[in-house]
Amino acid sequence: MPELPEVESLRRILAREVVGRRVVSAVVKEARLRRAIAPDLAARITGCAIARVARRAKYLLIEFDGDSVLMVHLGMSGSLTYRPHGVALSGFDPRHDHVSFTLDDGSMLVYNDPRRFGLMKLLPRAELASIAELAAIGPEPFGKEFSAEYLWQVTRGRAGAIKNLLMDQKIVAGVGNIYASEILFRAGVRPTRRAGRVTRAEVGRVATITPQVLREAIGSGGTTFRSYRDARGQPGRFVERLRVYDRTGKPCLVCATPIRAVVVGQRSSFFCPRCQK
Ligand SMILES: [Zn+2]
C-alpha cells in the first residue's frame with residue numbers, strides 16, 4: 001500500500017515533468033473507484049494547465065491554473081505514472097488503466113489500479129482546507145509541529161499500542177504499517193507497548209526517527225512489495241533497507257535474535273524481542 005514516501009516520490013517526479021503542461025484530453029474508462037469519479041471530471045480538466053504538484057499526507061494534489069485541484073489517493077494498489085510521448089511502461093495490465101490524461105507535449109499521466117480502492121476528485125482550491133479527508137489529518141512528520149513535546153502530549157493517557165498511534169492519521173500524517181514497524185525498531189520500542197507508558201526518552205527517539213526513516217525512504221523512491229510502482233514505473237528500492245518489516249524468523253541486523261511478528265490493530269507488525277523493549 002503506498003504510504004507517504006511513495007506519494008512524495010511520485011510528487012517530486014511529477015513536479016519536474018508536468019508542471020506547465022496543459023491537459024489536451026482526459027479519458028475516464030472506469031469511474032468506479034472507492035468512490036465514483038464525477039462524470040464531468042474529464043471535461044473539466046481538459047484545457048487546464050498544471051500549475052503545481054503538492055502533497056498532504058498520502059494525498060497527491062495536482063493544482064491547475066485557475067481554481068481547481070485534482071486530489072488523488074492511490075488506495076491499496078494504485079499507481080499514477082508519467083509516460084513520455086511514445087514510451088510504453090511494462091508491468092502494468094492495461095485493463096486496469098482507468099484514467100488517462102494526455103498532455104500538450106504528447107506525454108501521458110495514467111492512473112492504474114487493479115483493486116480500485118483509490119480516489120480521484122476535482123475540487124475548488126478554497127475547499128481543500130475544509131474537505132473531510134484532509135481536515136482531520138494531523139501534522140506532517142517533517143514540520144516543526146511534529147516535535148517530541150507534541151508526541152509526548154498526544155501519547156499521555158493513551159491505552160492503545162504505540163504502533164497504532166503512529167499509524168493514526170489524526171496524530172501524524174502519512175505513516176503506515178511498513179514505516180511504523182521500521183521507526184519503532186530503530187527507536188527500540190515494541191510495537192505493542194501502551195502509548196501512554198512510552199517514556200519521554202523513547203518518545204523523543206520516535207519523534208526524531210520518524211522523519212529520518214521517511215526521508216530515507218523518499219530518497220530510495222519508496223518501498224515496493226507487490227504492485228507499487230513510482231511515476232516512472234520503477235519499483236521503490238527502500239525494500240532493500242528495511243530492517244524488520246516482513247523479516248519474521250530472520251536474524252535481527254543488530255543482535256541476531258530472530259525477528260518476531262505480532263498482530264497489532266489487525267496489521268502484522270515486526271520487532272526484535274531483544275532490541276525493542
Ligand atoms: Zn535485535
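Two strands pair if DSSP finds at least two bridges between them. Strands (E, at least two residues) and helices (H or I, at least four) are DSSP runs, numbered from the N terminus.

The model is predicted: local features need pLDDT of at least 70, side-chain atom pairs count only at pLDDT 80 or more, and totals for chains, interfaces and linings use all residues. Residues are numbered from 1 along each chain as its sequence is written, and side-chain values use heavy atoms, without hydrogens and water.

**Exercise 1.** Work out which residue of strand 10 stands opposite Val263.

Step 1. Strand 9 (residues 260–264) pairs with strand 10 (residues 267–271). The sense is antiparallel, over five bridges.
Step 2. Opposite Val263 stands Ser268.
Step 3. The two strands make a hairpin with two residues between them. In the turn, Gly265 has a positive phi of about 55°.

**Exercise 2.** Find the strand order in the four-strand open sheet, then its edges.

Step 1. The order is 2-3-4-8, with antiparallel pairing.
Step 2. Strand 2 (50–56) and strand 8 (119–124) are the edges, each pairing on one side only.
Step 3. From one strand to the next, the twist averages 20°.
Step 4. Strand 3 (residues 59–64) and strand 4 (residues 68–73) share five bridges. Tyr59 has His73 as its bridge partner.

**Exercise 3.** Identify the helices that each supply at least two residues of the largest nonpolar core (buried Ala, Val, Leu, Ile, Met, Phe, Trp, Tyr and Cys joined through side-chain atoms within 4.5 Å; buried is under 20% relative accessible area, 1.4 Å probe, protein chains only).

Step 1. This core has 36 residues; among those touching the most other members are Leu151, Ile162 and Tyr179.
Step 2. The helices are 4 (148–155), 5 (162–167), 6 (177–187) and 7 (200–219).
Step 3. A second, separate core of 29 residues includes Val7 and Met120.

Technical notes:
Buried means under 20% relative accessible area, exposed over 50%, partly exposed in between (1.4 Å probe, protein chains only). Axes are lines fitted to C-alpha atoms, for helices over the stretch in contact, and angles run from 0 to 180 degrees between N-to-C directions.
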